[in-house]
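This briefing is intended for a reader who is meeting the structure for the first time. Please keep the sequence and the model in view while reading the points below.

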Amino acid sequence: MTETATLTQGSRPDAQARPAGQATEVAQPTGAKRTRISPLGMMMLAPALIVVTLFLITPAVLTTVFSFTNMTSATGITGGAYVISPNLLRDLKAEGLDPEVLEALGGETVSVDQAGLEAARKAGTDPRFLEEIEDEFLGKSFADSRTFFGSLKKLPNRPRRIVDVKRTATFFSHSILNTRFETRDGAVSAIRSIAPAIGPETLERVLERSYTGWVWTTENFVQLLTKPNTWRIVLNTAFYVAVTLSFNVLVGLFVAIATFYMPRRTGSLFNALWLLPRITPVVLYAILWKWLTWDTGFLAVIAEQIGLPSFNYMKGSVGTAWMIVVMTNGYVGASLSMILFSGALRTIPVQQLWASEVDGASRWQQVRYIILPQMRWPILFVTCYATLSLLSSYEQIWLTTDGGPGNTTTVWALEAFKTALSNYTGNLQYGMGAAMALILVIIGLGLSVLYLRLFRFDELVEKPKIEF
Amino acid sequence: MTILKRTTAAALAVALLSGTALSAQAKDYTVKVWAGGTNENSMYRVKAIEMAADFLQRQAALRGEELNITVENQTWSGWDDFKQAVTLANESGTAPNILVTGHEDIGPWAQAGVIRPIEDYVDFDSWPLNQIYENLIEVASYDGQIWGIPQDAESRVFFFAREGLSAIGYSEDQIEALPERIREGEYTLYNMIDDVKKMQDKGLVAKGQGFAPRVKNGPDYWQFYQSFGGEMVDPESGKLIFDKKALTGMYQFFVDAVAKGVVPKTYLGTEWDDWHRNVAAGKYGAWHGGTWHYAQWTKQFKLDDFFGKTVFSLIPAGNADGRANSITHPLVYLLSASGSDDEAAISAELIGIASEPRINALHAVASGHLAIGTEEAKVPFYANDRWSREATEELLPYANSIPNNADFGVYWTAMYKGLEASWTGASPVADAVKTAEAEVKAALGDGIIIR
């Protein structure tokens, strides 16, 4: 006890020089000082804060925001425009919109007048070309801009580039069809100019339907709740996480304990071998599994030789596909848990094992009564970490079974990834993918809290009751 | 020299010099081209743009302008990564000037403002665009505007091994008549299953290798939907159609093929190269692919005497409701909305030149694709190529395309998931159809007609 006190004081030499009363007096302002934010401290913290904000908080916030939208690759991410298109008019017609309004919105008049000429002149159109337009077509009307373009092409001084002729033609066309209005106000004034009789309600409806960008919605969550496929994926995910997690922890623990009892060198060699799945690049690792388990692969050939069922084990049956999914992910996870458990085992005072051997304890009794009780914290850590990491992992599944056969090995994270970011047909549903990711985050948080309570985390981190 | 003369001479010199300065003012452009689904046989998709740049520079030089165009190209062998790259590049404003992609991307990309309508930049009434097949121009159009210029055309083909057919009792004449019988709907997919089963039973084809369909997702599978009477889009309302009966027929067909033992239930997901190797080695009884696969088999996989070993046709009908058909899936040159208007104009000119019959014929013959225009079909280099000629005549007139509809991707994904689920036995056919129906209903609501 005296030794401890001396050591503590020794670490604060000023405390010994000061009388006790003074020390108490000083303590007050020190406490007040603590609330002051030191600029140097902030500077030191700034990089960490920036990194946390950029790479942790911002993605989480964006995912939440995206999940309440109908954002897809068709709506774009940064916002849309207002476009009255023939398809929209056809849909509005089917929905019974006023035919007069529809006619006005879809109409096009092309007439050569002074206003058009003036606008073209101001835009820098070649004066000789404009002169020809004025001479040939002033006061004339055309059926549509394609016909007008055909007439403009015949003029001797027309610009060389087609695009410039077409640009000139637009100054004489009065139509909003297929024009992209970047702002709502722009769209409103254009619609009003071409269909002055449009009522406010109809205008609102047309604007709403003509908007090409994303809108706020809770539809993603409704869809997820009602789609039958959702529950299939939830079950797949629960099965995948539970089985792979058990594999990670049990195999990791077994290898750690087995190598712990081996001579140090041999143990290290085995530890290094078990690290291979983790240090092998993931694509190469997946290819190795393919070579091993496909119908032309190593296992199938051996199985055929000895008369066992030989097929593409990776995709051939639901059972073998799951075994491969669990093993590909399990070995990667087991190598991490093995390192952690091996480290933790080395911290157990070896005297306890010696003492137990003197008392005649078997290996199993040593594991059961000495090792496992002292491994609670690493097991808790591995369980928590592996659960969260498995929940969000998909890359090995994507590269091996790709969620098949059918969607039997499709897990939530893989489905979210495919929905939002990788789809053969190119229709990326960012909103739906984000909603799926958000649900994953919420489940992850919920499970973390559950684990902490289950393993009595507070007891593990509380101050030791005995001082060494 | 009088003062007047001197002034005049000086003015003239200034005018001349300024003229020289103007003409010497070089215009530099860097045109970026990205192409999806492109392998070494189809590199003319991007090389044609490089050839066009050279051509345009020469034209400019003759006009006294100095035009320097640098073409930077990037190709992707698959589609997923390419499409993801395009959508992300567009959001960051770094999309390339020219995109080469499947026409089905026009719908979503037009809505999202990724692309600009090419009709604003080119003249479809002038050479060479005026000779492009009208139906291909339609395929490149969406919502009242022409967005792209067809880059190639193709058909999807059903192949039979002649040797296999002979061995199960087909005479030479019967083999020659098979494409016609298929076209007329007399020979169905189920007849095909029976025939390839016979080939397997005779030991000509290994068990499970009688029928080898496409190994991965692709427009090809819509052909089987059509074989059972399915329609993808309602021409009147423009809405997508989910035909439960046709989809059931299609899923059931693959389940039956598995039950007959002519295709493994784990077939989907086979590696492309394994499939190509087996085709070239004559290991399959019947298979289907694209016209462009011919180039891969004969060049990369060393298949010789293609016409002596195979007979090709439309995809047979599945039942009396359906029809023999083929889907053409033209790739299109699109103008991205990124970059300046001037760059878009130059890019459009390059696309126009690249669509010249002789230039496009290089791509068609090199990659086994079909001509995009009437005049290209007359280019001797193309017309003398037996595969190009026969495939154009036998298949293209009966080919239709998948719809340009921004929602079609959702439907497509659901269709393929259901096919995979029933094929592998993960769910019964009826459940797979119900799941696909629920998926599209939830995602598209009134945007799809269920019948």
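In this predicted model, H13(A) and H25(A) cross in a right-handed sense. The second of these helices, H25(A), spans residues 430–454 of chain A, and its axis comes within 9 Å of that of H13(A).

**Crossing of H13(A) and H25(A)**

- The axes of the two helices, H13(A) and H25(A), cross at roughly 70°.
- Angles of 65 to 115 degrees count as roughly perpendicular, and H13(A) and H25(A) are therefore roughly perpendicular to each other.
- On the side of H13(A), the residues that take part are Asn220(A), Phe221(A) and Leu224(A).
- Their partners in H25(A) are Gly431(A), Met432(A), Ala435(A) and Met436(A).
- By class, this contact of H13(A) with H25(A) comprises 5 nonpolar residues, 2 polar residues and no charged ones.

**Contact between chain A and chain B**

- Chain A contributes 45 residues to the contact, and chain B contributes 42 residues.
- On the side of chain A that touches chain B, two or more residues come from each of H5 (86–94), H10 (162–170), H13 (219–226) and H14 (228–260) of chain A.
- The most is given by H5(A), with 4 residues.
- The side of chain A that touches chain B has 23 polar, 15 nonpolar and 7 charged residues.

**Domains of chain A**

- Chain A is divided into domain 1, covering 83–210, and domain 2, covering 222–461.
- The C-alpha centres of domain 1 and domain 2 of chain A are 62 Å apart.

Key
Residues are numbered from 1 along each chain as its sequence is written. Chains are lettered from A and ligands numbered from 1 in the order in which they are written. This is a predicted model: local features need pLDDT of at least 70, side-chain atom pairs count only at pLDDT 80 or more; totals for chains, interfaces and linings use all residues. Two residues are in contact if their C-beta atoms, placed from the backbone, lie within 7 Å. Ala, Val, Leu, Ile, Met, Phe, Trp, Tyr, Cys and Pro count as nonpolar, Asp, Glu, Lys and Arg as charged, and the others, Gly among them, as polar. Axes are lines fitted to C-alpha atoms, for helices over the stretch in contact, and angles run from 0 to 180 degrees between N-to-C directions. Angles under 35 degrees count as roughly parallel, over 145 as roughly antiparallel, 65 to 115 as roughly perpendicular and the rest as oblique. A crossing is left-handed if the near helix is turned anticlockwise from the far one by less than a right angle, and right-handed if clockwise. Domain bounds come from an automatic or database domain assignment.
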